Amino acid sequence: MGDNNKWDDKTVAAVSTAAIMLGGLLYYWVGEGQSTVELLELAYGSVKFFNNPLVF
Amino acid sequence: MLGSILSQYARTLSVFAVLLLIVLIEALGVREAVYPGLLPFFTWMRESSWLGVIGTTYGSVYATVEAVHLLSMAVLGGTVLATDLRLLGVIFKDIPSETLVTGTHKCFRWALLVAILTGIFCAAGVGDKVYYMQVFWIKMLVLLLGSCYMLFIKQPFLTSRPHAEINPWMIRLLAITSMLTWFTVAATGRWIGFS
C-alpha cells in the first residue's frame, strides 16, 4: 500500500471505484432477480424455489 | 495545503468528480431531457448512415461483423477471466499474477477496440430498436464504466507494485468487480439479442 503503509492515490481510487461499481452491479442484478420472480408469480400464481418444485 | 492534496490524490478526486457528475445528471433530470433528442440520431443511424444501410441490406455482412463482435467479446472475456481468476488464486497458480496482469492487457485493449467498432456497426443496423431498450443503455453505461475502470483504475494500480505488497482482500475486490462488470456487459448484450 505504498510507502509507510499509507493508502496512496491509486489505492484509494481503486478500492473506492471497485466498491461503488460492485455495489451498483449487485443492486442491479438483485433488482432484476426480484422483478423476474414477480413476473413468474404473475404468470404462475406462486413461485416456490426450494420447498416444493411441483408447485412451480 | 489544498494544492498538495489535489495533486497527491488527483485520481481519487477524479473518481469522485465523475460520481458527483452522475448524481447531478440524475438529480437534475438531464438524462430525461436529453433522451428524446437522441431518437433522430438512432433513426438516422439505421436508415441513412452507410453503416445502417449496409447492415440492413446485406444480412451476410451483418452476420459476419456480428460474429467478429462475439469473437472479440470472447477474447475480452478470456483475458478478464484468466487475469481475475489468477488474482483470486483459482487458476494458473504457477504463473506470477504480475505476469498475467501485464501480459493479457494488450490483448484486452485490442479485443475491446474491435468489440466497440463492430458493436457500433451492429447497433446501427437495429438503431431504432435498441433506442427503446433499457438494457441497451445499461450495457453502454457498464461498458463505459468498465473500460474506464480497467484502463485507468485497475491496471495502473496492479502494475504499480508487487502484488505481495497489496492487501489480498483489495485484490479480490478488484477481481470480483471486474468479472461482474464484464459478465454484465456480456449478459446485457445477449439480452439485447433476445429482446
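**Close-up 1. The largest nonpolar core in this predicted model has 28 residues.** Look for Ala14(A) and Leu76(B) here: these two touch the most other members of the core. Five helices each put in at least two residues, namely α1 of chain A plus α6 (59-87), α7 (97-125), α9 and α10 (168-193) of chain B. The top contributor is α9(B), with eight residues.

**Close-up 2. Here's Leu76(B) and the company it keeps.** Skipping neighbours within four places in sequence, Leu76(B) is in contact with Phe108(B), Ala111(B), Leu112(B), Ala115(B) and Trp182(B). There's also a second, separate core of nine residues, with Phe42(B), Val65(B), Cys122(B) and Val126(B) among them.

**Close-up 3. Helix α1 of chain A crosses helix α9 of chain B.** The axes of α1(A) (residues 9-44) and α9(B) (residues 134-158) come within 9 Å, crossing at roughly 145 degrees. The crossing is left-handed. On the α1(A) side, the contact is made by Lys10(A), Thr11(A), Ala13(A), Ala14(A), Thr17(A) and Met21(A). Facing them from α9(B) are Leu145(B), Tyr149(B), Ile153(B), Lys154(B), Pro156(B) and Phe157(B). Sorted by class, that's eight nonpolar, two polar and two charged residues.

**Close-up 4. Chain B meets chain A with 24 residues from B and 16 residues from A.** On the chain B side, the elements giving two or more residues are α2 (10-27), α9 and α10. The largest share, eight residues, comes from α10(B). By class, this side of chain B has 15 nonpolar, seven polar and two charged residues.

Notes:
Residues numbered from 1 in each chain as written. Chains lettered and ligands numbered in written order. Predicted model: local features only at pLDDT ≥ 70, side-chain atom pairs only at ≥ 80, totals over all residues. Axes fitted to C-alpha atoms, helices over the stretch in contact; angles between N-to-C directions. Helix = DSSP H or I, 4+ residues; strand = E, 2+ residues; numbered from the N terminus. Left-handed = near helix turned anticlockwise from the far one by under 90°. Contact = placed C-beta atoms within 7 Å. Nonpolar A, V, L, I, M, F, W, Y, C, P; charged D, E, K, R; others polar. Core = buried A, V, L, I, M, F, W, Y, C linked by C-beta atoms within 7 Å. Buried ≥ 20, exposed ≤ 12 C-beta atoms within 10 Å, placed from the backbone.
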